[in-house]
Amino acid sequence: MASRPESSLPPELYYDDKEAKKYTQNSRIIQIQSEMSERAIELLSLPEDPTIRSSLLVLDVGCGSGISGAALTEAGLNWFGVDISSSMLEIALENEVEGGLARCDIGHGLPFRAGCFDAVVSVSALQWLAYSDRSTANPIRRQRAFFTSLYACMSVGARAVLQFYPADELQLQLLLNSAMSCGFTGGLVTDYPESAKARKHFLVLDTAGTRPMPAAQDEAGGRHSTKQQQPMRKGSKAWIMRKKEQYRRKNPDSKALPSDSKYTGRKRKPRF
Amino acid sequence: IFKISNMKLILHNMLTSAMIKGVKKGYPLLLRATKVELQPVEFDAGFVVHMLPRLDWSGVTAAVQCLNQPDLLQDPLPELPPTVPDDYANNEDFLRKAHIALMQLDVIEGCLVCPETGREFPIAKGIPNMLINDNEAA
């Protein structure tokens with residue numbers, strides 16, 4: 001896309017009837033959204049047994065016109081979807097989706113009680129949380145409200161797979177950090193990381209324990225464990241560099257910091 | 001797998017107004033329905049058994065009572081016990097009644113009311129609108 005929808009209007013205004021209609025008529029959009037939905041469901045790593053699947057309840061964040069919902073139904077899963085746009089939800093109704101729907105602003109926190117959902121998916125919705133047009137709304141605060149409420153409404157051991165389109169590296173890190181500061185384990189899985197056009201980012205968030213991260217996809221169609229991007233862990237080299245940079249910015253004249261070298265943040269031999 | 005677009009009591013039971021500043025619990029939301037339809041849905045015992053522990057059962061019985069208005073529904077409402085029986089996992093009779101209450105009562109029009117602030121959330125075309133203003137948010 002030449003310009004990002006998020007840079008022009010907030011989602012409840014951007015997705016008016018005209019834009020929402022495109023989602024029913026543009027077969028390419030539908031195909032891409034469907035594929036990402038299927039991939040997100042795959043990353044959930046739910047049991048294959050259809051009897052088990054039909055007893056579960058999944059939350060679809062930013063369900064829009066119901067493309068991802070259709071994939072959930074196809075995968076044998078019950079779901080509730082939330083979206084902020086009434087036009088998109090109207091289309092979902094017209095499409096006769098098989099999921100319960102509710103309208104809300106996820107940046108205020110999800111309107112669900114604790115422990116409701118066995119799994120969560122989101123396709124192309126979270127990037128909207130990176131922007132704020134209203135002076136009363138702070139993007140980081142909104143992200144925290146979302147991720148905190150997300151954690152709370154997931155059952156123990158549930159997993160959330162959230163595909164999104166960050167505009168740049170900073171947005172990606174901010175969202176990742178917001179998520180990880182709310183109690184989740186897990187991190188980022190990036191399919192086709194080499195291609196700027198093809199790459200797809202999935203936040204994979206677990207509520208309990210450390211499950212092995214699923215393998216990302218690469219161009220050759222093979223699956224391999226790419227180095228999963230973790231948010232800057234306290235004490236890591238990236239963290240040290242960031243802290244030094246922050247100090248330098250606040251104290252530009254100070255000579256207290258050692259200069260950066262190949263020894264900065266290098267792993268030391270364990271001495272004890 | 002169910003056609004569950006309209007707000008069913010299972011969705012109602014999970015909704016809360018806790019995103020509003022100052023709200024401590026935010027459920028069960030009071031249910032004021034003006035249009036309700038009975039929608040046949042295939043009974044899936046596994047789903048009901050899986051969901052029951054998560055539900056606020058007193059909220060379910062309260063919601064069913066809220067629907068007990070004259071002229072709202074032609075068919076009789078299911079009779080639910082005040083608490084979930086201990087043998088619920090094998091009690092098909094109870095599960096079927098719970099299924100009717102949770103899955104077959106479609107609320108098309110009406111509103112939900114926060115029990116602590118009185119704030120109303122309208123329901124239109126079966127979709128509850130849980131939008132709040134920025135200054136209401138926690």
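Okay, let's start with the interface: chain A and chain B bury about 3000 Å² between them, and carbon and sulfur atoms give 58% of that. Three residues stand out on the A side, namely A:R103, A:H108 and A:R113, which supply 25% of the area that chain A buries against chain B, more than any other three residues. One caution before I go on: this is a predicted model.

How many residues does each chain put into the contact? Chain A brings 38 residues and chain B brings 33.

Now the polar side of things. Between chain A and chain B I count 13 residue pairs in polar contact, with both partners at pLDDT 80 or more. On the A side, β2, α6 (86-94), β3 (100-103) and β4 (117-123) each supply at least two of the residues that touch chain B. Of the side of chain A that touches chain B, the largest share comes from β3(A), with four residues. Sorted by class, that side of chain A has 17 nonpolar, 12 polar and nine charged residues.

As for salt bridges, the rule finds two across the interface of chain A and chain B. A:E90 forms a salt bridge with B:K125, and the closest N and O atoms are 3.0 Å apart. Over all chains, the count comes to 14 salt bridges.

Here's one inside chain A. The side chains of A:R39 and A:E42 meet in a salt bridge, at 3.0 Å from N to O. Why about one helical turn between A:R39 and A:E42? Because the two are three residues apart in helix α3 of chain A.

Next, the second largest pocket. Its volume is about 500 Å³. There are 36 residues lining the second largest pocket, and those closest to its centre are A:P11, A:Y15, A:I84, A:A125 and A:W128. Which elements give two or more residues to that lining? They are α1 (11-14), α3 (27-44), α5 (67-74) and β2 (78-83), in chain A. You've heard β2 of chain A already, since it also supplies at least two residues of the side that touches chain B. By class, the lining of the second largest pocket divides into 17 nonpolar, 12 polar and seven charged residues.

Last, a couple of backbone oddities. Most residues other than glycine have a negative phi, and most peptide bonds are trans. With that in mind, look at A:E96: the phi is positive, about 55°, although A:E96 is not a glycine. You'll find A:E96 in the loop between α6 and β3 of chain A. Both of those elements, α6 and β3 of chain A, came up earlier as suppliers of residues touching chain B.

Over in chain B, the peptide bond from B:Y27 to B:P28 is cis, with omega near -10°. And where does B:P28 sit? In the loop between α1 (9-14) and β1 (30-38) of chain B.

Key:
Residues numbered from 1 in each chain as written. Chains lettered and ligands numbered in written order. Predicted model: local features only at pLDDT ≥ 70, side-chain atom pairs only at ≥ 80, totals over all residues. Heavy atoms only, no water. 1 Å grid on protein atoms, 1.4 Å probe; cavity = no way out; pocket = protein on both sides within 12 Å on 5 of 7 lines; lining within 4 Å. Points joined across faces, edges and corners; volume = space filled by probe spheres on them. Nonpolar A, V, L, I, M, F, W, Y, C, P; charged D, E, K, R; others polar. Contact = heavy atoms within 4.5 Å. Buried area = accessible area lost by both parts, 1.4 Å probe. Salt bridge = Lys/Arg side-chain N within 4 Å of Asp/Glu carboxyl O. Polar contact = N/O pair within 3.5 Å; in protein donor to acceptor, adjacent residues only side chain to side chain.
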